[in-house]
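Got your viewer open and a selection tool ready? Here's a short walk through the model, stop by stop.

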Amino acid sequence: MSVSKAPPAVQELGSSSSAALSLVADADTIPVGPAPHSIAMRPDGLRSYVTNSGTDTLSVIDTAAGAVVTTIGVGAGPWAAAVAPDGRYVYVTSPGSGTVGIVSTATDTLVGTVSGLTAPRGLAVTPDGARLYVVNSGANTVSVVSTATDTVTGTITVGNSPQAISIRPDGLRAYVSNSANGTVSVINTVSNTVVATVTGFNVPLGVAVTPDGANVYVANSGANTVSVISTATNTATDTVTVASSPVYLTASPDGTLVYVSMTGADSLTVINPSSNSVTETIPGFVEPHEVATTPDGGYLYVVDHGDNTVDVLRRPASISPSSGPRGGGTAVTIKGRGFLGTTAVRFGIRSARNFTVVSDTTLTVVTPSAIRSAVPVTVTASGGTAIIGHFYYRRLPVVNQLSFSSGSTNGGNVVTLTGLRFIGVKYVWFGAVQAAATVRSDTELTVTVPPSALARTVPVYTVNAGGVSNSLAYTYVGGPTITSISPASGPRTGSRIVNINGTFLSQVTTITFGGIPALSFKVMSAVKVQAVTPPKSTPGPVAVVVQTSTGATASSPVPYTYT
């Protein structure tokens, strides 16, 4: 791969590897072993480790020198690598030998082996370094390995042909891609059980949890897409269309970019997680596999599986978030380089009044207002003026009307919302509770009302890329109760006025005496209704039952007696 070096100026965000990507010193391409696959970075950033799946070795790269300093034998066909949080060991899976090799980073030697695994591929280390989670692709399981004893302490059954695994930064959940049945298994790492199975993927391979732990990105190698899973709900919340054959993913340490390697397109796709949009596609690789970043995120190390090298590139520029309301006021972080001496930041033709130069690689800025929807963001600094990327101004959604403004605390009823700018809306909030929206058009959507523990009125609102809409009121009505009736008896001829006392009676739509509808009734308040008894041919007690508009019913604790 050949990438020209950028001048010492503001870094641009382009569509190719030109000024956007400068290389480390003169070491833009580092030869490694045959068929390299995985790369792992030591926490101090001084060494990176590359598995050479075409042989039995691990290449150790000195990142300052940009060269391989030694090669270590680790087992047949090494596949994935992971470095312990303290940087003391590198763990390497070898599917051919059914082992995990343990390499000392101090001596660059193989110091231990975990055996008894079945075609192990992906692996991950818990944040405390106490355990390894190893994916057994040949057994549809994940092995739990104690790093204190280097022994398997547990086995978890997952989906078919598991491939990769990623652990949430808090260490409480692990996510496993199951390529054969298109699922992702969610593992509770406290109980070591699968607590959820997320469906709907197409030959998922790479998985990556964002640094804030909020989302998991999944490469669908069979569908040319990347799916986004919410770790709060264990549901797929978004899909990003990319080039052919996405295979592996890595999030930048600051969480503002996600890198996706495209084996089929020989390229690297860059996703902005704030908008889940592709901001850049970098060509020129040869069957790229895994990507690692330096601890500060400033450089990318891309494994070129097809030509036995590792390419080292500067981090692309980024704008996060990349969208906001037209009225301005969005706090934005711009990442790049050459920002010292910045004198102006412009969104289209409008200058941002408030910006701060945090460092040579970071700017923070508050967006001005705008009329156009998409505008270029330019930075002027001592090295010149450059377009960093684009910011997308969005108008807020508007909620005009709810088809129903009240319902049972049980929820479950479908409400239609009419308004404006619903395209792009994914959820409707009932108070603090989120419910999935079905968008029918830009002016109409439907949503199933979630349950509420309390009878109350909550605001209903939604969100699009431009921000939060206005709100309308929705009232949760509790189930009715009858505490007493007065009088409790009357003539068979009917026409007696009966006071029915209780709770949540304001939504009463039907009252019956022994199954016969009342001649008439009147809702006096939420705790009282009056009904006129119907006639009955025979004397005796009958049940008094009320029903509300939500379908809930209640019976009187004492019957009404016809005399």
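Start with Ser 452 and show its side chain together with that of Arg 456: a polar contact of 3.2 Å joins the two. This is a predicted model, so colour by confidence before you go further if you like.

**Around Ser 452**

Ser 452 sits in a loop, with strand 43 (444–448) on one side and strand 44 (457–464) on the other. Is Ser 452 buried or exposed? Its relative accessibility is 10%, so it counts as buried. Now select Thr 409 and Tyr 476: Ser 452 touches both, leaving out residues up to four places away in sequence.

**Zoom out to the domains**

Colour the chain by domain next. Two of the domains are each built from two segments: domain 1 is 31–157 + 284–314, and domain 2 is 161–242 + 266–283. After those come domain 3 (318–393), domain 4 (398–477) and domain 5 (481–562). Put a marker on the C-alpha centres of domain 3 and domain 4, and you'll find them 34 Å apart.

**Over to His 305**

Select His 305, in the loop between strand 27 (299–304) and strand 28 (309–314). With a relative accessibility of 17%, His 305 counts as buried, because the cut-off is under 20%. What does its side chain reach? One of its polar atoms lies 2.7 Å from the backbone oxygen of Pro 36. Show the surroundings too: apart from neighbours within four places in sequence, His 305 is in contact with Ala 35, Pro 36, His 37, Ser 53, Val 286, Glu 287 and His 289.

**On to Thr 561**

Thr 561 is in strand 57 (residues 560–562). Thr 561 is partly exposed, with a relative accessible area of 27%. Light up Ala 488, Ser 489, Gly 490, Gly 540 and Pro 541, which Thr 561 contacts once neighbours within four places in sequence are set aside. Then draw a line from Thr 561 to Thr 378: they're 183 residues apart in sequence, and their C-alpha atoms are 83 Å apart in space.

**Last stop: confidence**

Switch to pLDDT colouring. The protein averages 91, and 95% of the residues score at least 70. Where does pLDDT stay under 50? Select residues 1–9, where it does so, and where the model has 25 contacts beyond four places in sequence. Then pick residues 14–27: pLDDT is below 50 there too, and this stretch has 47 contacts in the model beyond near neighbours in sequence.

Notes:
Residues are numbered from 1 along each chain as its sequence is written. This is a predicted model: local features need pLDDT of at least 70, side-chain atom pairs count only at pLDDT 80 or more; totals for chains, interfaces and linings use all residues. Side-chain values use heavy atoms; hydrogens and water are left out. Helices (H or I, at least four residues) and strands (E, at least two) are DSSP runs, numbered from the N terminus. Buried means under 20% relative accessible area, exposed over 50%, partly exposed in between (1.4 Å probe, protein chains only). A polar contact is a pair of N or O atoms within 3.5 Å; within protein, one must be able to donate a hydrogen and the other to accept it, and residues adjacent in sequence count only if both atoms are side-chain atoms. Contact means heavy atoms within 4.5 Å. Domain bounds come from an automatic or database domain assignment. pLDDT is the predictor's confidence in each residue, from 0 to 100.
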